[in-house]
Amino acid sequence: MNYSKAIRTIRAAKGLSQKKLASLINLDASYISRIESGERIPTLEVIESISKVLKIPVYLLTLLASEQGDLKGLPEKETRSIATNLLDVLLSAKK
């Protein structure tokens, strides 16, 4: 799972800074930065908090965080297509 990329992508798509996201879930902005850079792996509790603030179900965040090895049997092209379609759905839900 690559939560760093998924969180960064959704946070940016929602127009939130790392600092704002961190303040909404009562964490230090440097912790969010370390998650997004891949230096830290978020706990389930943090993933749930981030999901709530970003208004995205945990299962969709997890799907977006999925990497090729996590989606056994799916070609990389199809995996990218799923992620792109998921992001499109999220962005259209914002409107």
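The largest pocket in this predicted model comes out at a volume of about 410 Å³. Its lining is made up of 19 residues, and those lying nearest the centre are Lys5, Leu64, Ser66, Arg80 and Ala83. Three helices each give two or more residues to that lining: H1 (3-13), H5 (58-65) and H6 (76-94). Of these, H6 gives the most, chipping in with eight residues. As for the chemistry of the lining, it's a mix: eight residues are nonpolar, six are polar and five are charged.

Helix H1, one of the elements behind the pocket lining, is also home to Ser4. With a relative accessible area of just 13%, Ser4 falls under the 20% cut-off and therefore counts as buried. The side chain of Ser4 picks up a polar contact with the side chain of Asn2, at 2.5 Å. Setting aside neighbours within four places in sequence, the residues that Ser4 touches are Ile35, Glu36, Ser37 and Gly38.

Then there's Ser33, which sits in helix H3 (residues 29-36). Along the chain, Ser33 and Ser4 are 29 residues apart, yet their C-alpha atoms are separated by 9.0 Å. The two serines don't share an exposure class: Ser4 is buried, whereas Ser33, at 30% relative accessibility, is partly exposed. That label follows because 30% lies between the 20% limit for buried and the 50% limit for exposed.

Methods
Residues numbered from 1 in each chain as written. Predicted model: local features only at pLDDT ≥ 70, side-chain atom pairs only at ≥ 80, totals over all residues. Heavy atoms only, no water. 1 Å grid on protein atoms, 1.4 Å probe; cavity = no way out; pocket = protein on both sides within 12 Å on 5 of 7 lines; lining within 4 Å. Points joined across faces, edges and corners; volume = space filled by probe spheres on them. Helix = DSSP H or I, 4+ residues; strand = E, 2+ residues; numbered from the N terminus. Nonpolar A, V, L, I, M, F, W, Y, C, P; charged D, E, K, R; others polar. Buried < 20%, exposed > 50% of the residue type's maximum accessible area, 1.4 Å probe, protein only. Polar contact = N/O pair within 3.5 Å; in protein donor to acceptor, adjacent residues only side chain to side chain. Contact = heavy atoms within 4.5 Å.
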